[in-house]
There are 2 protein chains.
Amino acid sequence: MGKATKRTVTIRDVAAAADVAVGTVSRVLNDHHSVTKQIRERVQKTILTLGYQRNAIAQSMRSARTKMVACAIRDFDIPAFASYVKAAEATFRSAGYTFILASTANAKDVELSLLQTFSQRRVDGVMMTMSDETDPDLVNAISHAAMPIVLIDRELVQSVDSVSADHRAGARQATEYLLSLGHRRIALLVGDPKAYPSRSRIDGYTEAHRCLGISVDPHLIRDRLLSNEATFRETAALLGRSERPTAIYAAGVDMLSGPLRAVRTAGLVVGQDISIISGNDSDLAELNTPPITALRWDRSEMGRHAAEMLLDRIDHGRQSPPRRIRLPVSLVVRGSCRPL
Amino acid sequence: MGKATKRTVTIRDVAAAADVAVGTVSRVLNDHHSVTKQIRERVQKTILTLGYQRNAIAQSMRSARTKMVACAIRDFDIPAFASYVKAAEATFRSAGYTFILASTANAKDVELSLLQTFSQRRVDGVMMTMSDETDPDLVNAISHAAMPIVLIDRELVQSVDSVSADHRAGARQATEYLLSLGHRRIALLVGDPKAYPSRSRIDGYTEAHRCLGISVDPHLIRDRLLSNEATFRETAALLGRSERPTAIYAAGVDMLSGPLRAVRTAGLVVGQDISIISGNDSDLAELNTPPITALRWDRSEMGRHAAEMLLDRIDHGRQSPPRRIRLPVSLVVRGSCRPL
DNA sequence: GCGGTTTGTGGAAACGGTTCATTGAAGGCG
DNA sequence: CGCCTTCAATGAACCGTTTCCACAAACCGC
């Protein structure tokens, strides 16, 4: 004991204790072939007895690789997001990477400042969404970042890899279903059209109408619905109009509870007085009375794909052309829509 | 351009370009007072023109502080967990810390290996749960870790800070409520009693019975229910028994969907044929028909408290005695329980 | 105008790994 | 036996910061 300064034990301490050079210890740690079995074992024993723990900071410093990836996403307490974040984290971890997570609250300045933080931390790659695909600052920061980036559910930046769901096809399918049941006043609830999902949902919705020669009432399209409260208020307002919609397609993510509350508040019954389709499947949709018809895609696969894409970029460089994966979306028909 | 090796620009490049010493640049970066206004501005301009980005790795290397904290939790795609993880992340970020997230899948070996990873990465602190509070390996690893740790909803390791909810009081309240309605066969569904929440829920449930002199049928306590499928199966089995329970207290986290499915499958109606209390409030509970009576506590506050506690430890050392915060749990009465 | 203090800047030594050139020993071959 | 090659291990340089010591200039009071 004695002075017992309790310094953390370094590779140099190990080298001294095992009576070898530091380089040799390093080679043992990295499974380099040119170490005698005898010395290897001696060093390994010393590592155990001293309780040596390799310092990842020093390692990153020298190798210029941190084995860390970062993920910046609007809000990971939304189950739909959490499930692909989880899949991504698992993929990264099994590849030996550590996962940094941050939420952007869909704010441009947060997104930019996180990109800077990640860059200063020298993460090996980034997985993210952005609030506005048309913003030049964001586009510039993302396409000129020092590390590879994979976008989630964003497609506008042509030079960057992305993984998304085919929201346009999904929206079209949902809308066609409602139209086929005879609905003509279908409210569409979406988020910000400056981002891919809402934009393509509006496209799909419009397309479905146009293909059947049905005109779209622009008042029925309500966008920029970014909170449950906003969605609730907007739905309530729609239900209060003289010619209220006969169906609601709540297309945005995590957007079901607002309309359900509003419908209940208005004293209406889902599946009788009004039809509802949810843009995302969930326990809430499945277990509601009546169960809610919903769109669905494999979110775990989305996270896995994104992670694998990013790992591939990290390993094989940025020269190959950007890749784009678009996952299929399907409609799960339940009991919340009735024919008119 | 010329050779254009595109090395990242370092503090040395800045020093050379601004014609000062590296130490001076460092002092400008760290807002050290003893730099002339004139030199400070010259250096700052150089930093901007060269596009210098401070290397956090090198900084950590030298200062032995990473400004990173890690969080290891069973499963962050469970909304109840995600909401306090989110609050914690926000707190850490506003304090200048970067947040590492990993899920343990409630497995001891994952927990141990994550602790090692965090330790190798020299994170400044850890926020976590563990699968088994009685496991000596885990207890040892946690109480002798190199960095401060705050436990979430775990209380057995006396030497470590913790933040939890008062599950025992909550369970007692829920059980007393059901007993007061005349229920005598109340099924209790919980997770693993080796962890604090389930253990204290069983305590609270038992206590409520004992205080009224009512005996507990051990067959009605179903523990180790760690997945939705297991909970579904167990509930279905209970409902199939000759003397089926008149009430179900689904106490575990994210445990409501299983019983709801089982009740529906059995052709029963919640609030009429059987009463249900959920151990966690959620959209699903609130929007169900009928709305489900549930326990509730402030999860964001839980995450915030944990983060603040950890930051305090990081700043002020580990000599002060361990702190323990236990948040109150309250019962939100809705329409899912009827008097017998 | 001179000793002593204060202030601003330069330069170098750390931090803990990895890697590369170097060396010494051992082995193979004519 | 001497030369060439191969193989193991050594020791030092390096990664990009921070911090500490040294030093010179400026300032102070007497």
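This report walks through the chain symmetry, the DNA contacts and one sheet of a predicted model.

## Ground rules

Residues count from 1 along each chain as its sequence is written, while chains are lettered from A and ligands numbered from 1 in the order written. Since this is a predicted model, local features need pLDDT of at least 70, side-chain atom pairs count only at pLDDT 80 or more, and totals for chains, interfaces and linings use all residues; side-chain values use heavy atoms, with hydrogens and water left out.

## Two copies, one axis

Chain B lands on chain A after a rotation of 180° with 0.0 Å of shift along the axis, at an RMSD of 0.1 Å. The two copies are thus related as by a two-fold rotation axis. The fit is least squares on C-alpha atoms of residues with pLDDT of at least 70 in both copies. In chain B, the residue that comes closest to the axis is B:Ile100, with its C-alpha at 2.1 Å.

## Around DNA strand C

DNA strand C has 25 residues around it, with A:Ile11, A:Ser26, B:Thr24, B:Thr36 and B:Arg62 nearest. (A residue is near if one of its heavy atoms lies within 4 Å.) Of the strand C atoms that come within 4 Å of the protein, sugar and phosphate make up 55%. By class, this surface has nine nonpolar, 10 polar and six charged residues. Here Ala, Val, Leu, Ile, Met, Phe, Trp, Tyr, Cys and Pro are nonpolar, Asp, Glu, Lys and Arg are charged, and the others, Gly among them, are polar. Helix 4 of chain A gives the most, four residues; helices are DSSP runs of H or I with at least four residues, strands are runs of E with at least two, and both are numbered from the N terminus.

Arginines turn up in several contacts. A polar side-chain atom of B:Arg62 sits 2.7 Å from a base nitrogen of DNA strand C, and one of A:Arg62 is 3.2 Å from a base oxygen. For A:Arg54, the partner is a phosphate oxygen at 3.4 Å.

## Around DNA strand D

DNA strand D is surrounded by 26 residues, the closest being A:Thr24, A:Arg27, A:Thr36, A:Arg62 and B:Arg12. Sugar and phosphate account for 56% of its atoms within 4 Å of the protein. This surface splits into 10 nonpolar, 10 polar and six charged residues, and helix 4 of chain B supplies the largest share, four residues.

On the phosphate side, a polar side-chain atom of B:Ser26 lies 2.6 Å from an oxygen, and a polar backbone atom of B:Ile11 is 2.8 Å from one. B:Arg12 goes for a base instead: a side-chain N or O atom is 3.4 Å from a base oxygen of DNA strand D.

## A six-stranded sheet in chain A

Chain A has an open, mixed sheet of six strands in the order 7-6-8-9-10-12. Strand 7 (221–222) and strand 12 (330–332) stand at the edges with a single partner each, so one side of each lacks a neighbour in the sheet. Strands pair if DSSP finds at least two bridges between them.

Strand 8 (247–250) pairs in the parallel sense with strand 6 (186–189) over four bridges, and A:Ile248 is the bridge partner of A:Ala187. Its pairing with strand 9 (275–278) is also parallel, over four bridges, with A:Ala250 partnered by A:Ser278. A:Ser278 in turn has A:Ala294 of strand 10 as a bridge partner.

Technical notes: Polar contact = N/O pair within 3.5 Å; in protein donor to acceptor, adjacent residues only side chain to side chain.
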